[in-house]
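Student: I would like a close look at a single part of this model. Please take your time and link each detail to the next one.

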Amino acid sequence: MFRPIRDTLKSNPELYKKMQESFQTQVRQCLSHRKVKEFVAKAHISENQLLHSLADVRHWLLESEHCEQCPGLERCPNMYKGHLPSPAYVDGKLYFDYTPCHHYLKFVQEEKQRRLLRSHLVSNQALKVQFEDLEIDEGNKQAIKAAMLFCNRFDQLGGKGLYYYGEFGVGKTYIMGAIATELTHKGKTVYFVHVPTFFREMKQSLADHTFTEKIRELEEVDCLILDDIGAEGISPWLRDEVLGPLVQIRAQLEKPILYTSNLDYDQLYIHLAESNRGELDEMKSLRIMERIRSYTEAYFLYGKNRRRTKGEA
Ligand code: ADP
Ligand code: MG
């Protein structure tokens, strides 16, 4: 049988006194805490008004201490992970709002981006870049300006995209990364595809269901980025059954495609026409190229190879 604590204390005045003292010390410590003093002053209340909610006040102080020695979101010991209580005194009662901390807000933002941004073998660096990270020079300033305009006017563009071409390393993919980041911040879905790898995998998976699923995603996503088009080994099948329909369907849906390439429009036309093992298939290439041309604005990027200056391969 349990004995009520009251009875234990009655029969043991020594213990009762000790507990009383310990309680008083805790009250003093609690009420003299800097945060409590600041709150009391701000809320125009007296310290005594907090006595009824002492357990809550202690909990608040404990969680604030956790935050001061933040072990990171993963190991956050607070009652609501990534949140800290902030007190308010309303109608004679103490309340706590749980406010998300900056780690939690960052996590939510990144999660959101992960949900909105899909990619196929594009480097993480390119997927994280933001417009303010971009260095601007003569060779990329028009392209960057167009990129910002594209993001700002995304909903009014009727599916018109961009076509960036130029030498390796001038920053085509990198600017596309900034576009992807900006659009996901606006809640748009983006699919960033490295074309050569993607097409190679397509050829391997041929017409299985993952293939159909992937293609549907590429057709339906708000913004599709086809990175490094023209660097792939394209077969008639890829051109006529994958690229052609994709470009056509997205144009009909008024959803943009952004391209990066080492080739300009005319060179890409030749590349697409050449696909049939030596024979030129100009009609089919022409049809695709007409759509690409009329649905994009082309920008030539030039300048130093930034990969070399950054010691990349
Ligand atoms: P491309 O796609 O034209 O071959 P990238 O976009 O891959 O070139 O650029 C290569 C590297 O150069 C990037 O990974 C990045 O580190 C750097 N870089 C490119 N453009 C910029 C820029 N505007 N500002 C800062 N760094 C850049
Ligand atoms: Mg690139």
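Tutor: Here is a walk through the surroundings of the ligand, followed by the cores and a few loops.

This is a predicted model, in which local features need pLDDT of at least 70 and side-chain atom pairs count only at pLDDT 80 or more, while totals for chains, interfaces and linings use all residues. Residues are numbered from 1 along each chain as its sequence is written, chains are lettered from A and ligands numbered from 1 in the order in which they are written, and side-chain values use heavy atoms, leaving out hydrogens and water.

Let's start at ligand 1, which is surrounded by 16 residues; a residue belongs to this shell if one of its heavy atoms lies within 4 Å of the ligand. The closest are Q125, G169, T173, Y174 and R307. By class, the shell has seven charged residues (Asp, Glu, Lys or Arg), five polar and four nonpolar. Nonpolar here covers Ala, Val, Leu, Ile, Met, Phe, Trp, Tyr, Cys and Pro, and the others, Gly among them, count as polar. Helices α8 (172–185) and α14 (306–309) each give at least two residues to the shell, and α8 has the largest share, with three. Helices (H or I, at least four residues) and strands (E, at least two) are DSSP runs, numbered from the N terminus.

Now look at the oxygen atoms of ligand 1. One lies 2.7 Å from a backbone N or O atom of G169. The side chain of K172 brings a polar atom to 2.8 Å from a ligand oxygen, and an N or O atom in the side chain of T173 is also 2.8 Å from an oxygen of ligand 1. Taken alone, ligand 1 exposes 550 Å², and the protein buries 95% of that; these accessible areas come from the Shrake-Rupley method with a 1.4 Å probe.

Next, follow G169 to N305, which touches both G169 and F168, not counting residues up to four places away in sequence; touching means heavy atoms within 4.5 Å. N305 sits in the loop between β8 (296–301) and α14, and its side chain reaches the backbone nitrogen of R307 at 2.9 Å. Is N305 buried or exposed? It counts as buried because its relative accessibility is 15%, where buried means under 20%, exposed over 50%, and partly exposed in between (1.4 Å probe, protein chains only).

Stepping away from the ligand, you meet the largest nonpolar core, with 30 residues. Such a core is a set of buried Ala, Val, Leu, Ile, Met, Phe, Trp, Tyr and Cys residues joined through side-chain atoms within 4.5 Å. Among those touching the most other members are F199, L243 and L268. Helix α11 supplies the largest share, five residues. L268 touches Y163, I229, G230, L263, M289 and I292, again leaving out residues up to four places away in sequence. A second, separate core of 28 residues includes L162, I179, A180 and Y299.

Finally, two loops are worth a glance. Most residues other than glycine have a negative phi. D228, in the loop between β6 and α11, has a positive phi of about 65 degrees. E254, in the loop between α11 and β7, has a positive phi near 55 degrees. E254 is exposed, with a relative accessible area of 52%.

How values were computed
A polar contact is a pair of N or O atoms within 3.5 Å; within protein, one must be able to donate a hydrogen and the other to accept it, and residues adjacent in sequence count only if both atoms are side-chain atoms.
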